[in-house]
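Subject: Structure for your review

Dear colleague,

Please find below the sequence and structure that I am handing over to you. My findings follow, and I would be grateful if you would read them with the structure open.

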Amino acid sequence: MCGIAGLFIKGTRLQPHLGELLASMTSTLCSRGPDSAGFALYTDGTPERAKLTLTSVEGRSDFEALGVMLSRSIGAPLSVTSRYTHAVVTVPTDLVRLCRDWLFENAHDVRILSEGFNLEIYKEVGYPDDVARSFDIASLSGTHGIAHTRMATESAVTTTGAHPFSTGPDQCLVHNGSLSNHASLRRELQRDGIAPATENDTEVAAGYLTRELKRGRTLGEALKSSVEDLDGFFTFVVGTKNGFGVLRDPIACKPAVMAETDDYVAFASEYRSLTSLPGIKSAQVFEPKPATAYFWEH
């Protein structure tokens with residue numbers, strides 16, 4: 001089942017409303033995935049500072065105190081912004097690896113959900129509207145974002161098992177469907193230095209795209225190659241620092257609809273998710289074709 005929404009804003013006029021629009025789109029998809037939800041938004045950032053989105057598998061609430069210890073350890077100032085059960089830690093770009101290593105060694109309950117200059121991921125178990133309100137997604141601005149409402153069919157219903165998944169800097173993916181070759185592909189990725197942290201097949205798909213991008217492929221090329229390399233049925237919506245992509249498998253059994261105007265490109269599992277968007281009545285509305293990669297970049 002599951003529900004997907006995505007919004008790529010072309011100019012600056014609607015950027016202050018990204019979170020509000022994405023939360024509204026996702027609200028109509030609650031019935032498709034009532035057990036958990038997640039949002040990935042590309043917000044303001046600078047090349048000098050990187051963001052790490054953190055959560056805790058033990059319900060940690062002292063992220064500010066953790067930030068103080070981390071700052072002392074790396075010998076550099078950082079900022080911590082707590083948001084519900086997550087925190088965004090902003091650190092000097094050249095110290096990201098040091099921060100990741102320190103967290104791994106000293107904060108065993110902490111999980112890094114995303115890393116990048118712009119990407120922030122917020123996801124949690126619960127009814128999607130409640131998740132959106134708890135994180136105050138409507139208050140966030142940015143250039144583009146993707147969202148997911150989950151109805152789990154295989155892996156556990158947990159915070160880290162919810163979508164979106166990020167396996168590379170400023171990269172994320174949401175998925176509706178099921179991959180049949182995720183176990184063998186997981187082993188390939190591990191040999192290539194990309195180790196999925198959960199049992200979710202979607203994280204394997206995210207890792208696959210990360211690997212292909214590391215090999216020098218563009219987002220469009222990576223999406224096209226996944227049609228040949230991934231078995232199963234799927235609809236992907238992908239985010240990168242500057243881009244937004246959509247792909248359906250060759251059978252295209254999962255529902256999908258898109259809309260494009262001069263201001264934005266939007267994707268949703270159902271048309272009703274698009275009806276709250278400004279200018280939707282004059283938008284070009286279409287169903288993405290099977291095995292065809294769609295992508296836009298700033």
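Is helix 1 (residues 18-27) mostly covered or mostly uncovered? Please bear in mind, as you look, that this is a predicted model. Helix 1 is mostly covered, since seven of its ten residues are buried. The buried residues are Leu 18, Gly 19, Leu 21, Leu 22, Ala 23, Met 25 and Thr 26. Because an α-helix has 3.6 residues a turn, residues three or four places apart point the same way. You may find that rule helpful when viewing the helix. The partners against which the buried residues of helix 1 pack are strand 1 (3-9), strand 2 (36-42), helix 4 (128-135), strand 8 (144-150) and strand 14.

Regarding the protein as a whole, its secondary structure comes to seven helices and 16 strands. Its radius of gyration is 18 Å, close to the 19 Å that the globule rule gives for 298 residues, and it is therefore as compact as a globular protein of that length. The C-alpha trace spans about 55 × 40 × 35 Å along the principal axes. Of the 298 residues, 57% are buried. If one takes the contacts between residues at least 6 apart in sequence, 72% of them join residues at least 24 apart.

Strand 14, one of the packing partners of helix 1, leads to a second region. Strand 14 (residues 264-268) pairs with strand 13 (residues 257-260) in the antiparallel sense, over four bridges. The two strands are joined by a hairpin through three residues, and Ala 259 stands opposite Ala 266 in strand 14. Strand 13 also pairs with strand 15 (residues 284-286), again in the antiparallel sense, over three bridges. In this second pairing, Met 258 stands opposite Phe 286 of strand 15.

Finally, I would draw your attention to Asp 170, which lies in the loop between strand 9 (165-168) and strand 10 (171-179). Asp 170 is buried yet has no salt bridge. Why is there no salt bridge? The nearest side chain of opposite charge, Lys 241, is 5.7 Å away, whereas a salt bridge has to be within 4 Å, so this pair does not qualify. The side chain of Asp 170 does reach the backbone nitrogen of Leu 119, at 2.9 Å. Leaving aside neighbours within four places in sequence, the residues in contact with Asp 170 include Tyr 42, Glu 115, Phe 117, Asn 118, Leu 119 and Lys 241.

Yours sincerely,
A colleague

Key:
Residues are numbered from 1 along each chain as its sequence is written. This is a predicted model: local features need pLDDT of at least 70, side-chain atom pairs count only at pLDDT 80 or more; totals for chains, interfaces and linings use all residues. Side-chain values use heavy atoms; hydrogens and water are left out. Two strands pair if DSSP finds at least two bridges between them. Buried means under 20% relative accessible area, exposed over 50%, partly exposed in between (1.4 Å probe, protein chains only). Lys and Arg count as positive and Asp and Glu as negative; His and the chain ends are not counted. A polar contact is a pair of N or O atoms within 3.5 Å; within protein, one must be able to donate a hydrogen and the other to accept it, and residues adjacent in sequence count only if both atoms are side-chain atoms. Contact means heavy atoms within 4.5 Å. The radius of gyration is taken over C-alpha atoms; the globule rule is 2.2 Å times the number of residues to the power 0.38.
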